[in-house]
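Student: Please take a close look at one part of this model, the stretch that follows the last helix, and work through its contacts in detail. I would like the pockets and the salt bridges treated together where they share residues.

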Amino acid sequence: MSVQMKPEDAAAKQAELLNRVWSDDAFKARLKANPREVLEEIGLPVPTGVDIRVVEDTDTVKHLVVPPLKADA
């Protein structure tokens with residue numbers, strides 16, 4: 001399944017997600033436990049075959065996400 005969303009719509013949904021994570025511990029726990037379900041609930045569908053992993057930065061642990069190199073780069 002291909003998921004297409006306008007960038008501005010995706011950005012708004014992502015902002016909604018972060019606001020909710022920062023204000024609702026139960027929601028954050030659900031997101032960590034079952035990210036696909038929670039993302040789809042708020043209107044951010046995840047393509048079939050894509051694995052979502054939720055990680056959280058702390059004062060002493062930071063995560064660096066390295067995107068895949070495009071074949072034509």
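Tutor: What follows goes from the whole chain to the segment in question, and then to the pockets.

The model is predicted. The chain averages a pLDDT of 91, and 93% of the residues score at least 70. Helix α1 has the lowest confidence in the chain, with a mean of 93, while α2 has the highest, at 97. Where pLDDT is low, the predicted coordinates should not be read in detail.

The secondary structure consists of 3 helices and 0 strands, and the pattern along the sequence is α-α-α. The C-alpha atoms fill a box of roughly 40 × 30 × 25 Å along the principal axes. Of the 73 residues in the chain, 15% are buried.

Now the segment after α3. R53 is found there, and with a relative accessibility of 71% R53 counts as exposed. The side chain of R53 meets that of D51 in a salt bridge, with an N to O distance of 3.0 Å. The two side chains are also joined by a polar contact of 3.0 Å. D51 counts as exposed too, at 54% relative accessibility. For a position further back along the chain, take N34: R53 and N34 are 19 residues apart in sequence, and their C-alpha atoms are 9.1 Å apart in space.

E56 makes a link to a helix. This residue forms a salt bridge with K28, in which the closest N and O atoms are 2.9 Å apart. E56 lies in the segment after α3 and K28 in helix α2, so the pair ties together parts that are 28 residues apart in sequence. The relative accessible area of E56 is 37%, which makes this residue partly exposed. The bridge also belongs to a network of salt bridges that links K28, K32 and E56.

Across the chain the count comes to 7 salt bridges. One of them can be set beside the E56 pair for contrast: R36 bridges to E40, with 3.9 Å between the closest N and O atoms. The cut-off for a salt bridge is 4 Å, so the value of 3.9 Å for R36 and E40 falls within it. Both residues lie in helix α3, 4 residues apart, or about one turn of the helix. R36 is partly exposed at 29% relative accessibility, and E40 is partly exposed at 41%. The R36 and E40 pair is therefore a contact inside one helix, whereas the E56 and K28 pair joins the segment after α3 to helix α2.

The pockets come next, beginning with the one that R53 and E56 help to line. The second largest pocket has a volume of about 180 Å³. Its lining is made up of R53, V55, E56, D57, H63, L64 and V65. By class, this lining has 3 nonpolar, 1 polar and 3 charged residues. R53 and E56 therefore appear twice in this account: both line the second largest pocket, and each takes part in a salt bridge, R53 with D51 and E56 with K28.

The largest pocket has a volume of about 570 Å³. Of the 24 residues that line it, the closest to its centre are Q14, L17, L39, L44 and I52. The elements that give two or more residues to this lining are α1 (7-23) and α2 (25-33). Helix α1 gives the most, with 6 residues. The lining of the largest pocket divides into 17 nonpolar, 2 polar and 5 charged residues. The second largest pocket, by comparison, has 3 nonpolar and 3 charged residues in its lining.

One residue of α1 can close the account. S23 has its place in helix α1, and at 61% relative accessibility S23 counts as exposed. A polar atom of the S23 side chain lies 2.9 Å from the backbone oxygen of N19. S23 and R36 are 13 residues apart in sequence, with their C-alpha atoms 20 Å apart in space.

To return to the segment you asked about: R53 is exposed and is paired with D51 by a salt bridge. E56 is partly exposed and reaches K28 in helix α2 through a salt bridge. R53 and E56 are both among the residues that line the second largest pocket.

Definitions and conventions:
Residues numbered from 1 in each chain as written. Predicted model: local features only at pLDDT ≥ 70, side-chain atom pairs only at ≥ 80, totals over all residues. Heavy atoms only, no water. 1 Å grid on protein atoms, 1.4 Å probe; cavity = no way out; pocket = protein on both sides within 12 Å on 5 of 7 lines; lining within 4 Å. Points joined across faces, edges and corners; volume = space filled by probe spheres on them. Nonpolar A, V, L, I, M, F, W, Y, C, P; charged D, E, K, R; others polar. pLDDT = per-residue confidence, 0-100. Buried < 20%, exposed > 50% of the residue type's maximum accessible area, 1.4 Å probe, protein only. Polar contact = N/O pair within 3.5 Å; in protein donor to acceptor, adjacent residues only side chain to side chain.
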